[in-house]
Each structure stands twice: as C-alpha cells, then as structure tokens.
Amino acid sequence: MVSLSTWCRYLVHKIEYSFTLGWKSYKRGQISDRELQDAVWKNVFQGKLTYLHWSKGEAMAPTIGEQGGTLLVRKIPSADPGRVFVGDVIVMKDPDDSDNYLVRRLAATEGYEMVSKDEKDEPFVLEKDQCWVLADNEKLKPKEAKDSRLFGPVPMTGIVGRVIYCLRTAVDHGPVQNSHYSMRKDSPVLEVELDVDGMVKNHKS
C-alpha cells in the first residue's frame, strides 16, 4: 500500500516531468501555448515516468547479469547536472550508432578534471554539457567495455533515462545502486510504478 505522502511526492515528480517535456516541445515550436497546457495535463494523468529496457552483455556486470536483464528506467526529459548525478546508472544513445542505446555508469560531469593513467595523455577538463561514462565490469578492457575510455566524453543530451531497478531472473532482482540523491528522488517513482510481475512477463530468458 503506497502512502499518501509517497503519492504526493510522486505527483510532484510527474508534474515536473510533464512540464519539462512540454516546454521542450514548445521551445522547438512543435506545439502552441494552448497545446502546451493540454500536453502537460495529459502527461500528468495518463503518462508514466518509467519504461522497460532490455540490456545484455558483460559491460555492466555484476549490476546487470552477463546474461542480460530487464531494467526499469526512469525517463529523463532533459539531462543536466541537476537531474542526473555522478554514480547514476544511465541509459544513453550509443555515440557510434544513434539507433542503439548503452547502459553505463556516470563517472564525471562538466568541470571535472580527467587524468589518465597513461602519462602520455594530457589531463583535460570536461566542458559544459559533457560527461564521462564507464562500464561497471572492471575486468574488461576499454574496447570491450565500450565506454568513455574508448569514445571519450559524450554529451549530456544523449542521456535518456536512469536505471532504477534490475530484474536478472524471476528470483534475482532489486533496486539499482545509484547516487544517494537520485535514490531518494526515485523512491516514490519506484514505489508507485514498479511491477515485478510485468517485468517477469517481459523478461527475455
């Protein structure tokens, strides 16, 4: 049973998400003033803040099993350092294939100084709206991990969501360890929208 306070916090997140999404469309000239208001309320009453995403491969083991996992992803309408944080497991567009998505952990954002273990590489600072992402599996080489060690900094605009729950098998599932701040923000969303049975039905074994 979801408490009233949780529902209230969830509703605040829903309104914020709906307005941000509508405002983006309005600024692009895709909708009018009247349509903006309609779009916001439609999202509040009919939309969801999460979606399911299937991920496979060794890159994010042990967070996500090597055999793959069904992920509950919280939608991020506009990624910036105030919405996603270092330590978060994020879903982002593949820099090499815009039709594909990668799941990686956010390791650094704008303003961070990046220092390589290779002394030949010069240190550099991430510019505005840039971020650095890494695979969780430390056993993999950069080419195998396919993260920022291979393709460098990526734009924050490529981030589309934050993974908040992972189902590896029907009996092995649970919340994903993100930054402390994100886990607090996502807790009401997880309580309201988590449907383990639905995830099991959609799981690819």
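What covers the buried residues of α1? In this predicted model, the cover includes α2 (33-46), β2 and α5.

**The two domains**

Let's start with the big split. The domain assignment of the chain gives domain 1 (1-47) and domain 2 (49-202). Their contact draws on 13 residues from domain 1 and 14 residues from domain 2. Taken over C-alpha atoms, the centres of domain 1 and domain 2 sit 24 Å apart. Between domain 1 and domain 2 about 1,300 Å² is buried, and carbon and sulfur atoms give 64% of that area. On the domain 1 side, Y10, H13 and Y17 supply 46% of the area buried against domain 2, more than any other three residues.

**Helix α1**

Those three names come back when you look at α1 itself: Y10, H13 and Y17 are buried there, along with T6, K14, S18, T20 and G22. An α-helix has 3.6 residues a turn, so residues three or four places apart point the same way. As for length, the 24 residues of α1 should span 34 Å at 1.5 Å a residue, and the end C-alpha atoms of α1 are indeed 34 Å apart, so the two values agree. Just after α1 comes G29, with a positive phi of about 80°.

**Helix α5**

Now for α5, one of the elements covering the buried residues of α1. Where does α5 kink? A kink of about 40° lies at D186, shortly before the proline P188. Even so, the length works out: at 1.5 Å a residue, the 14 residues of α5 (residues 180-193) should span 20 Å, and the end C-alpha atoms are 20 Å apart, which agrees. Both D186 and P188 are buried, and so are S182, K185, V189, L190 and E193. The cover over the buried residues of α5 includes α1 (4-27), plus the strands β1 (50-55), β2 (69-75), β9 (159-169) and β10 (172-175).

**Strand β3**

Over in the strands, β3 (residues 89-94) is largely enclosed by the rest of the structure, because 5 of its 6 residues are buried. β3 runs antiparallel to β4 (residues 97-109), with 6 bridges joining the two strands. A hairpin of 2 residues makes the link from β3 to β4. If you want a spot to anchor your eye, M92 has L102 of β4 as its bridge partner. β3 also pairs with β9, again antiparallel, through 3 bridges. Here I90 stands opposite R162 in β9.

**Backbone oddities**

Most residues other than glycine have a negative phi, and most peptide bonds are trans. A few spots in this chain go the other way. The peptide bond from A61 to P62 is cis, with omega near 5°, and P62 is placed in the loop between β1 and β2. Two residues that are not glycines take a positive phi:

| Residue | Phi | Relative accessible area | Loop |
|---|---|---|---|
| D129 | about 70° | 35% | between β6 (124-125) and β7 (130-134) |
| K146 | about 50° | 25% | between α3 (142-145) and α4 (148-151) |

Are these two buried or exposed? Neither, strictly: D129 is partly exposed at a relative accessible area of 35%, and K146 also counts as partly exposed, at 25%. The cut-offs matter here, because buried means under 20% and exposed means over 50%.

Technical notes. Residues are numbered from 1 along each chain as its sequence is written. This is a predicted model: local features need pLDDT of at least 70, side-chain atom pairs count only at pLDDT 80 or more; totals for chains, interfaces and linings use all residues. Side-chain values use heavy atoms; hydrogens and water are left out. Helices (H or I, at least four residues) and strands (E, at least two) are DSSP runs, numbered from the N terminus. The expected span of a helix is 1.5 Å times one less than its number of residues. The bend at a residue is the angle between axes fitted to the seven residues ending there and the seven starting there. Buried means under 20% relative accessible area, exposed over 50%, partly exposed in between (1.4 Å probe, protein chains only). Contact means heavy atoms within 4.5 Å. Two strands pair if DSSP finds at least two bridges between them. Domain bounds come from an automatic or database domain assignment. Buried area is the accessible area (1.4 Å probe) that two parts lose on being put together, summed over both.
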